[in-house]
Structures are given as C-alpha cells and as structure tokens.
Amino acid sequence: MFSRDEPDFNVISVRNSAPGMLENIRTLLQQNNLGMDDDIEQFVVACSGRRVIGCAGLVSNTIKCVAVACDWRGENLSARLLGEVENLAVQRGNFHLFLYTRPGNAERFRGCGFYPIVQWDDVAVLMENTPVGISHYCRSLQRHLHPGRRIGAVVMNANPFTLGHRYLAEQAAATCDWLHVFVVSEDVSYFPFQERLEMVRKGVADLPNVTVHAGSEYLISRATFPGYFLKEAGLVNQAWSVMDLLIFRQYIAPALGITHRFVGSEPFCPVTHQYNCDMHDWLETPARSASPPLSVIELPRKRHASGRAISASEVRALLKTHQFARIRDIVPPGTYAHLEQHYCVTAPAETTHNDALTISPSLC
C-alpha cells in the first residue's frame, strides 16, 4: 500500500513571512477557488517537503481560508489543520472560535467540532466551535427582558456618540415600552470599544426605559466579515448584511421580545444605505425566516441648523483639525467631555506659533 510521509505543520506570520511562502499559500487557495483576506494575521501551514499542501488562517477568534491540496483530500488533513489552528488561537487567549464557509463544506467542518449558527441559502454559513454558544448568549440577554407590547432595538457603532445617535435613541425610546441599545464591540473603529460604550451609556443615562448592551461576537462587523470564499465581490457586503440580520431576527430579537428595530436614514454611505434596505427585507418579510418578523422604523437623521445631517465621520474630521468649538455643537455633553479629556489639543515644545497643533490620544 502506498504511504505518505507525515506532513510538517508550521505557524506562519503574514507580516514577517517570506514572500515566497505567502505566494504558495495564495496559489493553494486559488486552486480551491478561494481568495486571501487582507486581515489574516497568521496561517497554520501543512507542508510535504517544500510543497504547501494545506493551510488555515486566523484573525482574532475567526478561522479563515482553510484549504487542502486536491491530492491530499481524504487524509484527514482538514481536521488536523483545524486542530492546529485552534491550538494557536487558544495560545492567544481565544477559546470561542468562528468560521465562515460555503454551505457545501458545513458537514466537513461539523465533523471537526463546529456547529452552524445561521445560513444564507447556498451562499454562506457561519459556524462556531461549541453547540451551545449562541444559546448561552441568548440566555444572558434574557436577564434584561422587560415586559411590553412594543420593545425596540437600536444597533450602533457610535464612533463617537453624537447628537444624531442621541436623537435616534430618544425618539425610539419615546415610542416603546423598552428600548435595547447595542454597541458594536469589535475594535475596528477610530475610538476603542470601551470608550464608545461609555459615551453611549452617558449619552442615554437620563432615558428611563433604555438598556445599553455591550455588543457581542454575534453582532457581525462589516470590517471583519470574510470574503475569501465569495467569488463575486458584490456578494461580500450582501452576505454580511444577510447573516447579521438573520442572527438578529432568529436569536437576539426573540431573547428580548424585540418587536421593532430603529435605524437612522443614511444620506452619506452607500453601503450603510444598502444595509438599511436589506434590513427592511430580511427583518420584515415573513418568508425570510421561521422567526417572527420585526417592524423596521427608519427615522430621518438629526440635522445641523444649516440643514446638513449630523454624522460621526464629521466629528472625527473636526477632531483631527482641532475644531472643538464646532464639535461641541453636534455631540452630547458626555461625549464632548470625553473628547476634551482624552483627545485634547497639545503643542509640541519645538513648534512655533504658526506650526500645526497635534491631538494627543491619551490623558492630558
């Protein structure tokens, strides 16, 4: 009987690896009709001699880009790669792991200890390495369950929290028995998550029927959604929208009895505008899920006296150019105090009167 040599498994840092190794990984992925996402930090690579025969990428707690050479399939190499990349994640302190893949691969990954959470037709499926992860999360949400016929929800990044965010929360809370505000937790924004969460909590502290939730891994960030297995670039944003909204409808909303989701209109960003459109479709259409549909309420953005809609991106731009007086007009007092304390204007000792000032992103 023909026998193979045992493959060697190595951890490759994308940032520090030799260009030739990355090219070999990319070639293997292409042979599997996969791309390589730009945010991958490390790969576990299986080699036979000098040939790359398998790979599995890791970004934080998400496994991506799992591929095996066609002549090595049936050798249990996928399971071994997943075991190696899970060990790598554990060494980095990540025990709860996710992966996205094509639905056709779901059974293979189920055999490796991953369980499906949500699936969009034959396009994509999200899986996690525990059969009880999403149910435990829903039980934790139920501690914040409040009675009422009209229970609302808002999901926000709040980067930072502006008077526009405050207006959305205030208007939603005024029409609901209770409002749940979720702050997206992934640190892919200008302001770290803990700062954004604190600004939101201060900004709605006076609203008596509002609970602010620290976001979880089940609120999917567009910035980290993988696209390596989607051939059409346009499918990436759509797949992110669909899976994020299905998780919300099938798990989060039932756990808290949510009946309405509120969102601000989006006059600036085409991707966010499309997400709002998808929200109406995937949350309101009965046939999209076996879970009860929600009502989506889209509110017009709060505007300046000049008529321009208030946006967090405007605050960030004003912060970079040190225009604190203008910032004060479009953020709540709690946000302004935070920005003034943590991002105050300083002048380096060697600058002259005409030199540009700098923003210190630390206490000052």
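## A walk through the sheets and loops

Start by selecting strand 8 (residues 151-156) together with strand 11 (residues 260-264): they pair in the parallel sense over two bridges. Keep in mind as you look around that this is a predicted model. Now pick out Gly-152, and then His-260 in strand 11, which is its bridge partner. A word on what holds such pairs: strands of a sheet pair through backbone hydrogen bonds, either parallel or antiparallel.

**The five-stranded sheet**

Next, widen your selection to the sheet around this pair. In what order do its strands stand? The order is 10-9-8-11-12, an open sheet of five strands with parallel pairing. Colour strand 10 (210-214) and strand 12 (295-299), which stand at the edges. Each has a single partner strand, so one side of each is left without a neighbour in the sheet. Turn the view and follow the twist, which averages 25 degrees from one strand to the next.

Now add helix 6 (residues 193-203). This helix lies across strand 8, strand 9 (178-183) and strand 10. Compare directions with strand 10: helix 6 runs at about 180 degrees to that strand.

**A cis peptide bond**

Move to the loop between strand 8 and helix 5 (163-174), where you will find Pro-160. Zoom in on the peptide bond from Asn-159 to Pro-160, which is cis, with omega near 5 degrees.

**A hairpin and its turn**

Select strand 3 (51-59) and strand 4 (62-68), with the loop between them that holds Ser-60. These two strands pair in the antiparallel sense over five bridges. To see one facing pair, show Leu-58, which stands opposite Ile-63 in strand 4. Together the two strands form a hairpin with two residues between them.

Stop at Ser-60 in the turn. Its phi is near 55 degrees, a positive value in a residue other than glycine. Is Ser-60 buried, exposed or partly exposed? Ser-60 is partly exposed, with a relative accessible area of 36%.

Then step along to Cys-65, found in strand 4. Cys-65 also has a phi near 55 degrees, again a positive value in a residue other than glycine. Cys-65 counts as buried, at 0% relative accessibility. Its strand is mostly covered: in strand 4, seven of its seven residues are buried.

**From strand 4 to strand 5**

Keep strand 4 on screen and add strand 5 (residues 98-101); the two run parallel and are joined by two bridges. Highlight Thr-62, which stands opposite Phe-98 in strand 5. How does the chain get from strand 4 to strand 5? It crosses through helix 2 (residues 77-91), and this β-α-β crossover is right-handed.

**Last stop: Asp-37**

Finally, select Asp-37, in the loop between helix 1 (19-31) and strand 2 (42-48). Although it sits in a loop, Asp-37 is buried, with a relative accessible area of 13%; the cut-off for buried is under 20%. Show side chains here, and you can find a polar contact between those of Asp-37 and Lys-64 (3.2 Å).

Which residues touch Asp-37, leaving aside its neighbours within four places in sequence? Asp-37 is in contact with Lys-64, Cys-65, Pro-226, Gly-227 and Tyr-228. One of them, Cys-65, you have already met in strand 4.

Technical notes:
Residues numbered from 1 in each chain as written. Predicted model: local features only at pLDDT ≥ 70, side-chain atom pairs only at ≥ 80, totals over all residues. Heavy atoms only, no water. Pairing = 2+ DSSP bridges. Helix = DSSP H or I, 4+ residues; strand = E, 2+ residues; numbered from the N terminus. Axes fitted to C-alpha atoms, helices over the stretch in contact; angles between N-to-C directions. Contact = heavy atoms within 4.5 Å. Buried < 20%, exposed > 50% of the residue type's maximum accessible area, 1.4 Å probe, protein only. Right-handed = clockwise from strand over helix to strand, strands pointing away. Polar contact = N/O pair within 3.5 Å; in protein donor to acceptor, adjacent residues only side chain to side chain.
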